[in-house]
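I opened the notebook to record what I looked up in this structure. The entries are in the order in which I took the topics.

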Amino acid sequence: MLKYALLGAAMAMTVPALAQTAPAPAPTAPSSALPSDQSAPTPTEAAPAPADSAAAPAAQPAPADQVAAVVDSQFATYDKNSDGKLDEAEFGGWMVALKSQTDPATDANAPATKKWNKAAFAQADTDKSRSLTKAELTGFLSPSAKS
């Protein structure tokens with residue numbers, strides 16, 4: 001379950017980098033165009049949610065201390081050259097393994113997967129050293145890393 005939360009956190013942070021732009025919503029009519037007996041909706045009035053959005057609640061990310069424990073316990077598994085850091089290929093292997101748990105059809109060699117891994121690695125490599133330390137990886141996967 002924790003791995004799913006880590007994958008969710010990683011995907012949530014990388015999706016904006018890979019997302020395509022959506023068309024702008026149509027402008028609303030000015031309030032002066034409304035009949036005098038109607039008022040414009042206030043910003044606090046929300047549109048009704050789609051029916052299927054209630055059926056699929058978002059997964060809650062794991063607390064930062066749990067993320068750190070998982071990173072500590074599994075880091076050596078993916079640090080193939082035992083240098084205490086993950087290069088882009090090692091990091092990509094870990095991310096594909098996590099993603100494969102929720103989507104068994106994940107293809108590590110697919111262009112979309114490679115692009116996703118590259119964007120995630122670039123975001124996680126905060127010091128731009130072309131390698132990730134445990135601290136960088138923990139910060140990347142922790143919910144507090146999102147702002």
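The entries below go from the whole chain to one helix pair and then to two loop residues.

**Entry 1: the model.** I note at the start that this is a predicted model.

**Entry 2: the fold.** I looked up the secondary structure. The protein chain has 5 helices and 0 strands. Reading along the sequence, I wrote the pattern down as α-α-α-α-α.

**Entry 3: burial and surface.** I asked what share of the residues counts as buried. For the protein chain, with its 147 residues, the figure is 29%. I then looked up the exposed area, which is about 9700 Å² for the protein chain. Carbon and sulfur atoms supply 59% of that area.

**Entry 4: contacts along the sequence.** I took the contacts in the protein chain with a separation of 6 or more. Residues 24 or more positions apart account for 64% of them.

**Entry 5: α2 and α5.** I turned to helix α2, residues 64–78, and helix α5, residues 134–141. How far apart are their axes, and at what angle do the two helices pack? I noted 9 Å between the axes and an angle of about 140°. Angles over 145 degrees would count as roughly antiparallel, and α2 and α5 are therefore oblique to each other. The crossing of α2 and α5 is right-handed.

I listed the residues that make this contact. From α2 they are Val67, Ala68, Val71, Asp72 and Phe75. From α5 they are Lys134, Leu137, Thr138 and Leu141. Sorted by type, the contact of α2 with α5 has 6 nonpolar residues, 1 polar and 2 charged.

**Entry 6: Lys128.** I looked at backbone angles next. Lys128 is not a glycine, yet its phi is positive, at about 55°. Where does Lys128 sit? I found Lys128 in the loop between α4 (111–124) and α5. Is Lys128 buried or exposed? Its relative accessible area is 58%, and the cut-off for exposed is over 50%, so I entered Lys128 as exposed.

**Entry 7: Arg130.** I found a positive phi at Arg130 too, about 65°, and this residue is not a glycine either. Arg130 lies in the loop between α4 and α5. I looked up its relative accessibility, which is 71%, so Arg130 counts as exposed.

**Entry 8: recap.** I closed with the loop between α4 and α5, where I had placed Lys128 and Arg130. For the helix pair, I kept the oblique arrangement of α2 and α5 and their right-handed crossing.

Definitions and conventions:
Residues are numbered from 1 along each chain as its sequence is written. This is a predicted model: local features need pLDDT of at least 70, side-chain atom pairs count only at pLDDT 80 or more; totals for chains, interfaces and linings use all residues. Side-chain values use heavy atoms; hydrogens and water are left out. Helices (H or I, at least four residues) and strands (E, at least two) are DSSP runs, numbered from the N terminus. Buried means under 20% relative accessible area, exposed over 50%, partly exposed in between (1.4 Å probe, protein chains only). Contact means heavy atoms within 4.5 Å. Accessible areas come from the Shrake-Rupley method with a 1.4 Å probe; for residues, only the protein chains shown count as cover. Axes are lines fitted to C-alpha atoms, for helices over the stretch in contact, and angles run from 0 to 180 degrees between N-to-C directions. Angles under 35 degrees count as roughly parallel, over 145 as roughly antiparallel, 65 to 115 as roughly perpendicular and the rest as oblique. A crossing is left-handed if the near helix is turned anticlockwise from the far one by less than a right angle, and right-handed if clockwise. Ala, Val, Leu, Ile, Met, Phe, Trp, Tyr, Cys and Pro count as nonpolar, Asp, Glu, Lys and Arg as charged, and the others, Gly among them, as polar.
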